[in-house]
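Hello,

Here is the structure I said I would pass on. My notes on it follow below.

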Amino acid sequence: MAPTNNSTIPPASRLGKPAAVKAVLFDLDDTLWPIEPVIARAEQLLFDWLRDHAPAVTRQFTIESLRQQRLDLVASNPVFKFDLWQLRHAALTNAFKSVGEDTAKVDAAMALFSEARHAVTPFDDVQPVLARLRQRLLLGTVSNGFADLGKIGLAQHFQVSIAAHSFGSAKPDPAIFHAACSALNVAPEETVYAGDDPILDVLGAQQAGLQAVWINRFERVLPAGVSAQASCSSLHELERWLEQTAIG
């Protein structure tokens, strides 16, 4: 999406001059690649597989009702709030049990879904900008999802990658941001977090003491009361902001 003229840096007088930046942490979904079409395709492939291998499930459930079952299950176990793979596995197991299907097939179903979940296509700006930034800054990722950057082909750009399911808590918990800063040996105020979610990424990072850049690829509007250090419609804009404003 082409950058818009009104998606640039907020006035310094409103947000203050940022500290010099030594590291940039990135969100993944909808920041480095679009996720909605990937999830839609993965869920359809899974449902097609279930139709062939566990037909009783597809006679009782739809893609939408399976999704609702996951939402209902979140409240039953705090682990499900940060381990989305376990949530999907548990919900699918419950669906199998409810219709008398063999739950031994759930692992194969999840393997198929996970493979499709990793079939992402990074935005065109991702590889070139990350390749340039890593020459000057420490880079890392902090994500609530379970994407494998090695499978996607981006792992070489990052010194650290922390996922909620392995860490044990999720954004916006300050602990997960601080863990990434500690792994890179930088202070939170020397770190920028770049992500698309106003609450999890912008407010979450700021409440942990990091600078926050909102990656707004889809012409969204920040909620009232939320102000990022910068709003960028691409990683090219992020790179320019870092060069002009934040790199000491």
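Please keep in mind that this is a predicted model. The accessible surface of the protein chain is about 11,500 Å², and carbon and sulfur atoms hold 53% of that area. Of its 248 residues, 50% count as buried.

On charge, the chain carries 27 negative and 21 positive side chains. The centres of these two sets are 1 Å apart.

As for the fold, the chain contains 12 helices and 6 strands. Its radius of gyration is 20 Å, close to the 18 Å that the globule rule gives for 248 residues, so the chain is as compact as a globular protein of that length. Along the principal axes, the C-alpha atoms fill a box of roughly 60 × 35 × 35 Å. Among contacts with a separation of 6 or more, 63% are between residues 24 or more positions apart.

The interior is where I spent some time. The largest nonpolar core has 31 residues, and those touching the most other members are Phe26, Leu32, Trp33, Leu238 and Leu242. Two or more residues of this core come from each of the following elements:

- strands E1 (23-26), E4 (191-195), E5 (211-215) and E6 (230-232)
- helices H7 (126-133), H8 (149-152) and H12 (235-246)

There is also a second core, separate from that one, with 23 residues. Ala164, Ile176, Ala180 and Ala212 are among its members.

Regards

Note on methods:
Residues numbered from 1 in each chain as written. Predicted model: local features only at pLDDT ≥ 70, side-chain atom pairs only at ≥ 80, totals over all residues. Heavy atoms only, no water. Helix = DSSP H or I, 4+ residues; strand = E, 2+ residues; numbered from the N terminus. Rg over C-alpha atoms; globule rule 2.2 N^0.38 Å. Buried < 20%, exposed > 50% of the residue type's maximum accessible area, 1.4 Å probe, protein only. Contact = heavy atoms within 4.5 Å. Areas by Shrake-Rupley, 256 points an atom, 1.4 Å probe, with all protein chains shown as cover. Lys, Arg positive; Asp, Glu negative; His and termini not counted. Charge placed at Lys NZ, Arg CZ, Asp CG, Glu CD. Core = buried A, V, L, I, M, F, W, Y, C linked by side-chain atoms within 4.5 Å.
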